[in-house]
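Hello,

Here is the structure I promised to send over. Have a look at it first, and then read on for what turned up.

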Amino acid sequence: MGKRDNRVAYMNPIAMARSRGPVQSSGPTIQDYLNRPRPTWEEVKEQLEKKKKGSKALAEFEEKMNENWKKELEKHREKLLSGSESSSKKRQRKKKEKKKSGRYSSSSSSSDSSSSSEDSEDEDKKQGKRRKKKKNRSHKSSESSVSETESDSKDSLKKKKKSKDATEKEKDIKGLSKKRKMYPEDKPLSSESLSESDYHEEIRAKKKKSSEEREKATEKTKKKKKHKKHSKKKKKKAASSSPDSP
């Protein structure tokens, strides 16, 4: 089985157009456009002048509109002027009426003012009494609060003093127990039987004893050191004198 031949013959478009011959044109050609009739320079000037002047109908319409607008403006001005005159007249009338009513109301207002002044004085007195009562109540409440705070502070101070005394006694008892352990030769002392003065005197005496014992021990050590130095000096003298004697 062989392959199918799908080849197509090539046709030159330019050659095809030449073979068909000249094409008939349906519209005007370029030469027709160039040979068209043209206006002269004078005709062009006349047209430009007409455009500048404008049409007569438009000018007439504008004039009529301006006249109508002027008439409307004049009517509006007349209305405003008449309204301002009427408003001024109304104001004058109102002022006259107020003056007349003021004369009649002055007598009645004087009586009303006197009664209102009396009422205001009564109200002021009542308000003053109320304020005084409120001040007295606030003063009493402040005094009571101050007294309560003072009593609370005193109670707190007493409690603090008691706690301090108790802590000091406990410390003294602990110090005694330690000293009993350090010095077992001493006789045991009961804190209940002894008073506070005797208790302090015993503590002072024990402190003195301990200081005296320390001083004695230091003196003994100093004497021993001096004795050693003196013996060393004697030995050195004896050693230096022994070779010189023969």
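To begin with the chain as a whole: just 2% of its 246 residues are buried. Please keep in mind that this is a predicted model. The accessible surface adds up to about 25500 Å², and carbon and sulfur atoms account for 53% of that area.

As for secondary structure, you will find five helices and zero strands, so the pattern along the sequence reads α-α-α-α-α.

Helix H1 covers residues 13-20 and is itself hardly covered, with a count of zero buried residues among its eight. Just after H1 comes Gly21, whose phi is positive at about 100 degrees.

The next stop is helix H2, which runs over residues 30-34 and contains Ile30. Is Ile30 buried or exposed? Ile30 counts as exposed because its relative accessibility is 67%, and the cut-off for that label is over 50%. Ile30 also belongs to a nonpolar surface patch, together with Tyr33 and Leu34. Between them, these three residues offer about 370 Å² of accessible area.

Tyr33 has one further feature to look at in the viewer: Arg36 sits over the face of its ring, at 4.5 Å from the ring centre. What about aromatic pairs, and how many does a search of the whole structure find? The search comes back with zero.

If you open the model yourself, you could start at the patch of Ile30, Tyr33 and Leu34, then turn to Arg36 over the face of Tyr33.

Best wishes

Notes. Residues are numbered from 1 along each chain as its sequence is written. This is a predicted model: local features need pLDDT of at least 70, side-chain atom pairs count only at pLDDT 80 or more; totals for chains, interfaces and linings use all residues. Side-chain values use heavy atoms; hydrogens and water are left out. Patches are made of residues with over 30% relative accessible area and no salt bridge: like charges are joined within 9 Å, nonpolar side chains (Val, Leu, Ile, Met, Phe, Trp, Tyr) within 5 Å. Accessible areas come from the Shrake-Rupley method with a 1.4 Å probe; for residues, only the protein chains shown count as cover. A salt bridge is a side-chain nitrogen of Lys or Arg within 4 Å of a carboxyl oxygen of Asp or Glu. Helices (H or I, at least four residues) and strands (E, at least two) are DSSP runs, numbered from the N terminus. Buried means under 20% relative accessible area, exposed over 50%, partly exposed in between (1.4 Å probe, protein chains only). Rings of Phe, Tyr and Trp (its six-membered ring) pair if their centres lie within 6.5 Å; planes under 30 degrees apart count as stacked, over 60 as edge-to-face and the rest as tilted. A charge sits over a ring if NZ of Lys or CZ of Arg is within 6 Å of the ring centre and within 35 degrees of the ring normal.
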